[in-house]
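Dear colleague,

I am passing on the structure we discussed, with the sequence alongside it. Please have both open while you read the notes below.

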Amino acid sequence: MGNQKVIALVDCDSFFVSCEQKRNPELKGKPVCVLSNNDGCVISRSREAKKMGVRMGEPYFMCKKEHPKAIYITADHEYYSFVSHQVMSVLKDFSPLVQIYSVDEAFVDLTGLTKLYKRNYKNLAIYLRQRVLEEADIPVSIGVSSTKTLAKLASDKSKHITEGVYLIGKRKIERELKNTRIEEIWGIGRRLSVGLKKHGIITALELVKKDDKWLDKEIGIHGIEMKHELLGEMVSKVTNAEKLPKSIQNTKAFGIFTSDFNYIKNELNKHIHTSCRKLRSYNTKCMQIGVMLRTKDFRVFYTKKDLLTPLDFELEISNIAIKLLEEIYDPNILYRSTGVTLEKIGEQGFEQLSLYSDNTDIEKKAKLAQCFDKLESKFGKNIIKTGFYTKGNKTSQTQKK
Ligand SMILES: [Mg+2]
């Protein structure tokens, strides 16, 4: 591939189902469907479920009747994002330049790695695929080419190949574009494809034959960029810069209505733990903590506090959050939910250690937090709980929903 860049798009196969199969290997080779949170519809299918005829987005109540033998599992997005992190770690270990694109997709710059791994590009991709499978237990498909747009196209084609790897080299580009319908191109939505078809543009090859002026008029600058990417000329580079979350929020309705402060504290602590784990998975810390209480009749009380030092550790965040909770809590009110919001998020290490801060203490906490994450990766989420006794709180009242 000469002096050009070589970019891979690594895409996890039926990601949510694969995560469930990783957690419970007995599900491998079976018709498995993952359902959206409220068990509304099918959002991921195993190969066997696809063969059976289960459609993407099909409502559960219909599916259940049509395909009673399929196995239906409710989505656990928290676990999926944890597994995603494992997959991305393998990729980052493989190449210094990895751009996470979504929970189950990442661009990996392979340029020059042939020397390091002593393999040609095709075998490099096959090797990467094997490593993700061995180290994260998740099957992936890999498309390789000279631009992101072509790599994405190659990865779509790799799904239909047993070895799960597809390369579009320079000499293959024209033939590929001829065989690609415009709606298969990354970045062309339904509306745009309908508009282009009105101009007689059916294939990707017909699109790249249009001059820049025409593309600018019909699609805008994005159209020109797309053309160059499709011709193998890089416009969008692979960058390490990760989009950090602006804020992390966790809340969930109680099973009951309650004014029991210890119960509410326990629920809040669960959310804090979930949020901290996410914070650490991005290697970030937060500088602001917010706490929310929602009453039985849907009134919302919220308060927040700026921190002097960035935090990512649940016990410290909990200490502050519980004080905030005390500020907005009223023992005479029945509540339906509580939640935490972590804001002003930055990368770990962005804090300046004050002259007087105790570094050994900071290191100890970091180690403890790492232990939490390791234990959970081994034994499942929420194995660790920090809690308060809820018995003996005579003044509180609780109502069934
Ligand atoms: Mg995928």
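What follows is a short account of a sheet, the helices that lie across it, and a separate pair of helices.

Please bear in mind throughout that this is a predicted model.

The sheet is an open one of 5 strands, in the order E11-E10-E12-E9-E13, and its pairing is antiparallel. Strand E11 (300-311) and strand E13 (398-400) stand at the edges with a single partner strand each, so one side of each has no neighbour in the sheet. From one strand to the next, the twist averages 30°.

Taking the pairings in turn, strand E10 (residues 284-295) is joined to E12 by 11 bridges, and within this pairing Ile-289 has Leu-342 of E12 as its bridge partner. Strand E9 (residues 248-258) is joined to strand E12 (residues 335-347) by 7 bridges, with Thr-258 partnered by Tyr-335 of E12. E9 and E13 are joined by 3 bridges, and here the partner of Ile-256 is Lys-400 in E13.

Two helices lie across these strands: helix H13 (residues 261-281) lies across E9, E10 and E12, at about 25° to E12, while helix H14 (residues 314-328) lies across E10, E11 and E12, at about 30° to E10.

As for the helix pair, helix H7 (residues 148-158) and helix H12 (residues 221-230) pack with their axes 7 Å apart and at an angle of about 65°, and they are therefore roughly perpendicular to each other. Lys-148, Thr-149 and Leu-150 of H7 make the contact with Met-226, Glu-229 and Leu-230 of H12, which by class gives 3 nonpolar, 1 polar and 2 charged residues.

With best wishes

How values were computed
Residues are numbered from 1 along each chain as its sequence is written. This is a predicted model: local features need pLDDT of at least 70, side-chain atom pairs count only at pLDDT 80 or more; totals for chains, interfaces and linings use all residues. Two strands pair if DSSP finds at least two bridges between them. Helices (H or I, at least four residues) and strands (E, at least two) are DSSP runs, numbered from the N terminus. Axes are lines fitted to C-alpha atoms, for helices over the stretch in contact, and angles run from 0 to 180 degrees between N-to-C directions. Angles under 35 degrees count as roughly parallel, over 145 as roughly antiparallel, 65 to 115 as roughly perpendicular and the rest as oblique. Two residues are in contact if their C-beta atoms, placed from the backbone, lie within 7 Å. Ala, Val, Leu, Ile, Met, Phe, Trp, Tyr, Cys and Pro count as nonpolar, Asp, Glu, Lys and Arg as charged, and the others, Gly among them, as polar.
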